[in-house]
Amino acid sequence: MQNDTSAFIRTACRAAVCAAAALVISGCASTGGNLPAAPATAASPAYNYIVGPGDTLQITVWRNPELSSTVPVRPDGKVSTPLVDELVAQGKTSQEIARDVEKALAKYVRDPVVTVIVTNFVGPYSEQIRVLGAAAKPQFLPYKQKMTAMDVMIAVGGLTEFADGNKATLVRSAENGKRYSVRLQDLVKRGDISANVDMLPGDVLIIPQGWF
């Protein structure tokens with residue numbers, strides 16, 4: 001009797017485990033299944049790079065080398081240069097920063113002419129591309145004009161061995177968080193260029209791990 005009871009318990013446990021596994025697999029298979037495919041091209045207006053914390057600015061004041069400098073944008077989004085303290089750089093283009101520096105220097109220099117070049121790109125948080133989940137190197141990337149999913153996957157080292165790339169999700173902040181499906185497995189593993197899509201500032205790629 002004891003042996004029969006033990007066999008019954010083992011059979012019941014195996015059935016419960018199989019049922020739970022079936023539910024998990026079913027749930028994973030449905031992930032992203034109802035999402036529309038991401039558009040291959042993403043229409044966007046002419047893009048101007050926006051400076052963010054961590055960027056490095058080369059500020060050149062014409063005929064005034066002593067006022068020229070290369071400075072980092074601090075975590076608070078500001079920079080300090082000779083004769084100019086606490087200048088807000090975050091959220092501005094390099095041209096806008098140059099005009100602000102000229103305005104500040106006009107108190108000390110007659111008709112200053114300033115150029116600003118961004119030499120190290122990080123960008124504001126709102127425009128960074130983020131890759132989460134089963135990428136080889138999940139990370140954030142500065143957005144670059146005409147960046148595609150292929151560029152992003154090269155930068156993060158591709159997919160992990162167990163990634164379910166064809167169930168990846170693209171979250172588009174430019175469209176109030178609208179979600180799209182992307183076929184990263186086909187793009188990365190099979191070289192299917194039709195699976196490549198344009199990226200926009202603030203996009204988030206979420207790559208799930210497959211169940212085996």
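**A tour of the salt bridges**

Across the whole structure, a search finds ten salt bridges. The model is a predicted one, and the stops below visit some of these contacts.

Begin by selecting Lys78 and Glu86. These two residues form a salt bridge in which the closest N and O atoms lie 3.8 Å apart. Colouring by accessibility shows Lys78 as partly exposed, at a relative accessible area of 26%. Its partner Glu86 is also partly exposed, with a relative accessible area of 45%.

Next, select Lys92 together with Asp100. Their side chains meet in a salt bridge, with an N to O distance of 2.6 Å. Lys92 has a relative accessible area of 21% and is partly exposed. Because the limit for a buried residue is under 20%, Lys92 at 21% is classed as partly exposed. Asp100 likewise falls in the partly exposed class, with a relative accessible area of 25%.

Then move to Asp164 and Lys167. Here the side chains meet in a salt bridge at 3.7 Å, N to O. Asp164 is partly exposed, its relative accessible area being 22%. For Lys167 the relative accessible area is 24%, and this residue too is partly exposed.

Finally, return to the starting point and widen the selection to Arg74, Asp76, Lys78 and Glu86. Which residues are joined into one network by salt bridges that share partners? They are Arg74, Asp76, Lys78 and Glu86. The Lys78 and Glu86 bridge, at 3.8 Å between the closest N and O atoms, can now be viewed again with Arg74 and Asp76 displayed as fellow members of that network.

Note on methods. Residues are numbered from 1 along each chain as its sequence is written. This is a predicted model: local features need pLDDT of at least 70, side-chain atom pairs count only at pLDDT 80 or more; totals for chains, interfaces and linings use all residues. Side-chain values use heavy atoms; hydrogens and water are left out. A salt bridge is a side-chain nitrogen of Lys or Arg within 4 Å of a carboxyl oxygen of Asp or Glu. Buried means under 20% relative accessible area, exposed over 50%, partly exposed in between (1.4 Å probe, protein chains only).
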